[in-house]
Amino acid sequence: MPRVRLDVAYDGTDFSGWAVQPTRRTVAGVLLEALGRLFGSDTAFGMVVAGRTDAGVHATGQVCHIDLPAEAWTGTAPTLLRRLAALLPGDVRVHAATEVPETFDARFSATFRRYRYRVTDAVHGAEPLRRHDTLAWPRTLDPALLNAAAAGLVGEHDFAAFCRRKEHATTVRAINRLEWGRDLDGVLVATVQADAFCQAMVRSLVGAMLHVGDGRRPPEWPASLLRLTARSSEVTVAPAHGLTLVAVGYPDADEFAARAEATRRIRTLSS
(Lines give C-alpha, C1' and ligand atoms only; values in the text may rest on other atoms or scores of the structure.)
Protein backbone atom coordinates (compact mmCIF):
# COMPACT_ATOMS: atom_id res chain seq x y z
CA MET A 1 0.00 0.00 0.00
CA PRO A 2 1.65 3.26 -1.09
CA ARG A 3 2.06 5.87 1.62
CA VAL A 4 0.81 9.32 0.62
CA ARG A 5 1.68 12.61 2.29
CA LEU A 6 -1.12 15.18 2.35
CA ASP A 7 -0.39 18.87 2.88
CA VAL A 8 -3.49 20.39 4.44
CA ALA A 9 -4.82 23.86 5.27
CA TYR A 10 -7.94 24.70 7.26
CA ASP A 11 -9.85 27.42 9.04
CA GLY A 12 -10.33 25.96 12.51
CA THR A 13 -13.21 28.22 13.50
CA ASP A 14 -15.98 25.66 13.05
CA PHE A 15 -13.96 22.55 13.95
CA SER A 16 -13.64 20.81 17.30
CA GLY A 17 -9.95 20.28 16.63
CA TRP A 18 -8.17 17.78 14.41
CA ALA A 19 -8.86 14.37 15.97
CA VAL A 20 -11.96 12.37 15.06
CA GLN A 21 -14.79 12.67 17.59
CA PRO A 22 -18.01 10.73 17.00
CA THR A 23 -20.44 13.58 17.67
CA ARG A 24 -18.35 16.58 16.64
CA ARG A 25 -17.13 18.12 13.40
CA THR A 26 -13.35 17.71 13.18
CA VAL A 27 -10.74 18.19 10.46
CA ALA A 28 -9.72 14.52 10.40
CA GLY A 29 -13.37 13.48 10.36
CA VAL A 30 -14.13 15.65 7.33
CA LEU A 31 -11.00 14.45 5.50
CA LEU A 32 -11.69 10.80 6.18
CA GLU A 33 -15.28 11.19 5.02
CA ALA A 34 -14.10 12.67 1.71
CA LEU A 35 -11.45 9.97 1.29
CA GLY A 36 -14.03 7.30 2.07
CA ARG A 37 -16.26 8.59 -0.70
CA LEU A 38 -13.35 8.32 -3.13
CA PHE A 39 -11.83 5.01 -2.07
CA GLY A 40 -14.61 3.23 -0.17
CA SER A 41 -15.86 3.76 3.36
CA ASP A 42 -14.30 0.46 4.51
CA THR A 43 -10.76 1.50 3.53
CA ALA A 44 -8.41 1.69 6.52
CA PHE A 45 -6.33 4.76 5.73
CA GLY A 46 -4.25 4.67 8.91
CA MET A 47 -4.16 8.46 8.97
CA VAL A 48 -1.35 9.98 11.06
CA VAL A 49 -0.95 13.74 11.55
CA ALA A 50 2.06 15.88 12.39
CA GLY A 51 0.24 17.79 15.11
CA ARG A 52 -3.31 17.40 16.48
CA THR A 53 -4.47 20.99 16.68
CA ASP A 54 -7.05 22.02 19.27
CA ALA A 55 -10.53 23.34 18.61
CA GLY A 56 -10.39 26.71 16.87
CA VAL A 57 -6.72 26.49 15.84
CA HIS A 58 -5.98 27.01 12.14
CA ALA A 59 -3.37 25.56 9.77
CA THR A 60 -1.72 26.55 6.53
CA GLY A 61 1.01 23.92 6.71
CA GLN A 62 -0.44 20.82 8.38
CA VAL A 63 0.88 17.42 7.23
CA CYS A 64 -0.63 13.96 7.54
CA HIS A 65 -0.08 10.63 5.84
CA ILE A 66 -2.40 7.89 4.69
CA ASP A 67 -1.90 4.43 3.17
CA LEU A 68 -3.85 3.66 0.00
CA PRO A 69 -4.40 0.48 -2.00
CA ALA A 70 -1.88 0.54 -4.87
CA GLU A 71 -4.46 0.38 -7.65
CA ALA A 72 -6.55 3.11 -6.07
CA TRP A 73 -3.58 5.47 -5.73
CA THR A 74 -2.36 4.83 -9.26
CA GLY A 75 -5.80 5.48 -10.69
CA THR A 76 -6.53 8.67 -8.76
CA ALA A 77 -3.12 10.33 -8.24
CA PRO A 78 -3.37 12.69 -11.25
CA THR A 79 -6.83 13.97 -10.24
CA LEU A 80 -6.86 13.50 -6.47
CA LEU A 81 -6.52 17.18 -5.52
CA ARG A 82 -9.28 18.25 -7.88
CA ARG A 83 -11.59 15.50 -6.66
CA LEU A 84 -10.92 16.29 -3.01
CA ALA A 85 -11.58 19.98 -3.69
CA ALA A 86 -15.02 19.02 -4.99
CA LEU A 87 -15.80 16.87 -1.93
CA LEU A 88 -14.33 18.92 0.91
CA PRO A 89 -16.05 21.90 2.53
CA GLY A 90 -14.62 25.35 1.92
CA ASP A 91 -12.79 25.51 5.25
CA VAL A 92 -10.47 22.59 4.40
CA ARG A 93 -8.09 22.31 1.43
CA VAL A 94 -5.52 19.68 0.46
CA HIS A 95 -2.68 21.49 -1.29
CA ALA A 96 -0.55 18.49 -2.22
CA ALA A 97 -0.70 14.69 -2.26
CA THR A 98 2.72 13.08 -2.68
CA GLU A 99 3.82 9.44 -2.55
CA VAL A 100 6.51 8.99 0.10
CA PRO A 101 8.57 6.04 1.39
CA GLU A 102 6.83 3.74 3.87
CA THR A 103 9.38 4.91 6.46
CA PHE A 104 7.80 8.39 6.43
CA ASP A 105 5.79 9.14 9.55
CA ALA A 106 4.01 12.49 9.53
CA ARG A 107 4.25 12.72 13.30
CA PHE A 108 7.46 11.07 14.37
CA SER A 109 9.64 11.84 11.35
CA ALA A 110 9.10 15.58 11.79
CA THR A 111 12.06 17.70 12.87
CA PHE A 112 10.10 20.83 13.76
CA ARG A 113 6.68 22.46 13.92
CA ARG A 114 6.28 26.19 13.38
CA TYR A 115 3.32 28.22 14.62
CA ARG A 116 2.34 31.86 14.36
CA TYR A 117 0.08 33.74 16.74
CA ARG A 118 -1.54 37.03 15.65
CA VAL A 119 -2.50 39.75 18.15
CA THR A 120 -3.70 43.29 17.57
CA ASP A 121 -3.56 45.99 20.21
CA ALA A 122 -5.37 48.51 18.01
CA VAL A 123 -8.03 50.38 19.97
CA HIS A 124 -10.68 49.38 17.42
CA GLY A 125 -9.83 45.68 17.70
CA ALA A 126 -9.28 43.13 14.93
CA GLU A 127 -10.14 43.95 11.34
CA PRO A 128 -13.43 42.28 10.33
CA LEU A 129 -11.82 40.08 7.66
CA ARG A 130 -9.15 38.86 10.12
CA ARG A 131 -11.31 38.45 13.23
CA HIS A 132 -11.15 34.64 13.01
CA ASP A 133 -7.32 34.49 13.11
CA THR A 134 -6.34 37.57 15.13
CA LEU A 135 -6.75 38.13 18.86
CA ALA A 136 -7.83 41.61 19.95
CA TRP A 137 -5.85 42.61 23.06
CA PRO A 138 -7.34 45.42 25.19
CA ARG A 139 -3.99 46.90 26.29
CA THR A 140 -1.06 48.39 24.39
CA LEU A 141 1.72 45.86 23.82
CA ASP A 142 5.45 46.62 23.72
CA PRO A 143 7.33 44.41 21.21
CA ALA A 144 10.59 44.93 23.11
CA LEU A 145 9.06 43.52 26.29
CA LEU A 146 7.50 40.62 24.37
CA ASN A 147 10.87 39.71 22.87
CA ALA A 148 12.61 40.04 26.23
CA ALA A 149 10.16 37.52 27.67
CA ALA A 150 10.58 35.24 24.64
CA ALA A 151 14.37 35.17 24.93
CA GLY A 152 14.22 33.38 28.28
CA LEU A 153 12.11 30.56 26.84
CA VAL A 154 14.35 29.58 23.92
CA GLY A 155 16.28 26.33 24.30
CA GLU A 156 15.56 22.89 25.71
CA HIS A 157 13.55 23.03 28.91
CA ASP A 158 10.88 21.20 30.84
CA PHE A 159 7.77 23.18 29.91
CA ALA A 160 5.55 21.46 32.49
CA ALA A 161 4.28 24.86 33.70
CA PHE A 162 2.91 25.56 30.21
CA CYS A 163 1.55 22.11 29.29
CA ARG A 164 -1.40 19.88 29.94
CA ARG A 165 0.46 16.81 31.07
CA LYS A 166 -0.32 13.39 29.61
CA GLU A 167 0.46 10.20 31.50
CA HIS A 168 3.83 8.63 30.57
CA ALA A 169 4.71 11.58 28.29
CA THR A 170 7.56 14.04 28.79
CA THR A 171 7.06 17.81 28.82
CA VAL A 172 10.66 18.49 27.79
CA ARG A 173 10.79 20.36 24.49
CA ALA A 174 13.41 22.30 22.53
CA ILE A 175 12.34 25.73 21.25
CA ASN A 176 14.81 27.01 18.65
CA ARG A 177 12.89 30.11 17.57
CA LEU A 178 10.59 32.43 19.48
CA GLU A 179 10.23 36.04 18.40
CA TRP A 180 7.71 38.84 18.01
CA GLY A 181 7.34 41.45 15.29
CA ARG A 182 4.76 43.80 13.84
CA ASP A 183 3.36 43.22 10.36
CA LEU A 184 2.87 46.11 7.97
CA ASP A 185 -0.72 46.35 9.19
CA GLY A 186 0.48 46.82 12.77
CA VAL A 187 -0.55 43.36 13.98
CA LEU A 188 1.89 41.68 16.37
CA VAL A 189 2.91 38.20 15.25
CA ALA A 190 4.68 35.65 17.42
CA THR A 191 6.65 32.98 15.55
CA VAL A 192 7.52 29.91 17.58
CA GLN A 193 9.33 26.82 16.33
CA ALA A 194 10.28 23.69 18.25
CA ASP A 195 10.91 20.00 17.74
CA ALA A 196 7.38 19.45 19.03
CA PHE A 197 4.84 20.95 21.41
CA CYS A 198 2.73 19.46 24.18
CA GLN A 199 -0.96 20.25 24.47
CA ALA A 200 -1.79 23.96 24.95
CA MET A 201 1.93 24.83 25.15
CA VAL A 202 2.05 27.51 22.44
CA ARG A 203 -1.09 29.26 23.65
CA SER A 204 0.16 29.14 27.24
CA LEU A 205 3.50 30.65 26.24
CA VAL A 206 1.70 33.40 24.31
CA GLY A 207 -0.62 34.06 27.23
CA ALA A 208 2.34 34.49 29.59
CA MET A 209 4.24 36.74 27.20
CA LEU A 210 1.23 38.98 26.59
CA HIS A 211 1.10 39.77 30.30
CA VAL A 212 4.71 40.89 30.01
CA GLY A 213 4.06 42.85 26.82
CA ASP A 214 1.36 44.97 28.43
CA GLY A 215 3.48 45.65 31.51
CA ARG A 216 1.69 43.54 34.09
CA ARG A 217 4.57 41.10 34.57
CA PRO A 218 8.36 41.54 34.40
CA PRO A 219 10.22 40.11 31.35
CA GLU A 220 11.88 37.36 33.41
CA TRP A 221 8.59 36.00 34.76
CA PRO A 222 7.75 33.42 32.02
CA ALA A 223 11.24 31.88 32.21
CA SER A 224 11.01 31.70 36.02
CA LEU A 225 8.12 29.27 35.65
CA LEU A 226 10.39 26.71 33.97
CA ARG A 227 11.52 25.56 37.40
CA LEU A 228 8.03 24.22 38.11
CA THR A 229 7.21 20.54 37.63
CA ALA A 230 3.46 20.96 37.13
CA ARG A 231 1.17 23.29 35.20
CA SER A 232 1.09 26.80 36.65
CA SER A 233 -2.28 28.25 37.60
CA GLU A 234 -0.83 31.73 36.99
CA VAL A 235 -0.56 31.15 33.24
CA THR A 236 -3.53 32.18 31.12
CA VAL A 237 -4.03 30.17 27.93
CA ALA A 238 -4.43 32.54 24.97
CA PRO A 239 -7.56 31.99 22.84
CA ALA A 240 -7.27 29.39 20.09
CA HIS A 241 -8.33 31.53 17.14
CA GLY A 242 -5.09 33.54 17.03
CA LEU A 243 -2.96 30.44 16.45
CA THR A 244 -2.00 28.91 13.10
CA LEU A 245 0.26 25.93 12.32
CA VAL A 246 2.29 27.24 9.38
CA ALA A 247 4.99 24.62 8.72
CA VAL A 248 6.25 21.15 9.58
CA GLY A 249 9.83 20.19 8.73
CA TYR A 250 11.26 16.81 7.77
CA PRO A 251 14.74 15.40 7.10
CA ASP A 252 15.86 13.84 3.83
CA ALA A 253 14.00 10.68 2.86
CA ASP A 254 16.84 8.35 3.87
CA GLU A 255 16.58 9.71 7.44
CA PHE A 256 12.81 9.26 7.94
CA ALA A 257 13.09 5.97 9.84
CA ALA A 258 15.96 7.03 12.08
CA ARG A 259 14.26 10.29 12.96
CA ALA A 260 10.98 8.51 13.79
CA GLU A 261 12.75 5.99 16.03
CA ALA A 262 14.67 8.70 17.87
CA THR A 263 11.54 10.79 18.41
CA ARG A 264 9.55 7.88 19.81
CA ARG A 265 12.36 7.16 22.23
CA ILE A 266 12.52 10.79 23.43
CA ARG A 267 8.78 11.35 23.69
CA THR A 268 8.05 8.41 26.00
CA LEU A 269 9.43 8.46 29.53
CA SER A 270 9.04 4.71 29.92
CA SER A 271 11.23 3.89 26.89
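This is a walk through two helices, an annotated tyrosine and a handful of side-chain contacts. The model is predicted, so please read every distance and angle below as computed from that prediction.

Let's begin with helix H1, residues 27-39. With 13 residues at 1.5 Å a residue, H1 should span 18 Å, and its end C-alpha atoms are indeed 18 Å apart. Look at the start of the helix, where a side-chain oxygen of threonine 26 comes to within 3.0 Å of the backbone nitrogen of glycine 29. Past the other end, glycine 40 follows just after H1 and adopts a positive phi of about 110°.

Now colour H1 by burial. Its buried residues are Val27, Ala28, Val30, Leu31, Ala34, Leu35, Gly36, Leu38 and Phe39. These buried residues find their packing partners in strands E1 (3-10), E3 (58-67) and E4 (92-100), together with helices H2 (70-76) and H3 (80-87).

Helix H5, residues 201-213, makes a useful second stop. It too has 13 residues, and its first and last C-alpha atoms are 18 Å apart, close to the 18 Å expected at 1.5 Å a residue. Burial tells its own story here: 13 of the 13 residues of H5 are buried, so the helix is largely enclosed by the rest of the structure. After H5 comes glycine 215, with a positive phi near 90°.

Within H5 you will find arginine 203. Arginine 203 has a relative accessibility of 13%, and because buried means under 20%, it counts as buried. What does its side chain reach at 2.8 Å? The partner is the backbone oxygen of alanine 238. Setting aside neighbours within four places in sequence, arginine 203 is in contact with Asp54, Thr236, Val237, Ala238, Pro239, Ala240 and Leu243.

From there, move to tyrosine 115, which lies in strand E5 (residues 112-120). An unreviewed UniProt entry includes Tyr115 under the annotation "binding site". Is this residue buried or exposed? Tyrosine 115 is buried, at a relative accessible area of 10%. Again leaving out neighbours within four places in sequence, its contacts include Thr53, Ala190, Thr191, Val192 and Phe197. Val202 and Leu243 are also among the contacts of tyrosine 115. Leu243 is a contact of arginine 203 as well.

The aromatic side chains deserve a look of their own, as the structure holds six aromatic pairs. In one of them, the ring centres of phenylalanine 39 and phenylalanine 45 are 6.2 Å apart and the planes meet at 65°, so the pair is edge-to-face. Phenylalanine 39 and phenylalanine 45 are both buried. Phenylalanine 104 and tyrosine 250 form a tilted pair, with 4.9 Å from centre to centre and 50° between the planes. Phenylalanine 104 sits in the loop between E4 and E5, while tyrosine 250 sits in the loop between strand E10 (243-249) and helix H7 (256-267), so this pair ties together parts that are 146 residues apart in sequence. Phenylalanine 104 is buried at 1% relative accessible area, and tyrosine 250 is buried at 18%. Together with Phe256, Phe104 and Tyr250 form one aromatic cluster.

One last ring to visit is that of tryptophan 221, where the charged end of arginine 217 sits over the ring, 4.1 Å from its centre.

How values were computed: Residues numbered from 1 in each chain as written. Predicted model: local features only at pLDDT ≥ 70, side-chain atom pairs only at ≥ 80, totals over all residues. Heavy atoms only, no water. Helix = DSSP H or I, 4+ residues; strand = E, 2+ residues; numbered from the N terminus. Expected span 1.5 Å × (residues − 1). Buried < 20%, exposed > 50% of the residue type's maximum accessible area, 1.4 Å probe, protein only. Contact = heavy atoms within 4.5 Å. Polar contact = N/O pair within 3.5 Å; in protein donor to acceptor, adjacent residues only side chain to side chain. UniProt positions renumbered as here; feature names shortened; annotations may be inferred. Phe/Tyr/Trp six-rings, centres within 6.5 Å; stacked < 30°, edge-to-face > 60°. Lys NZ or Arg CZ within 6 Å of the ring centre and 35° of its normal.
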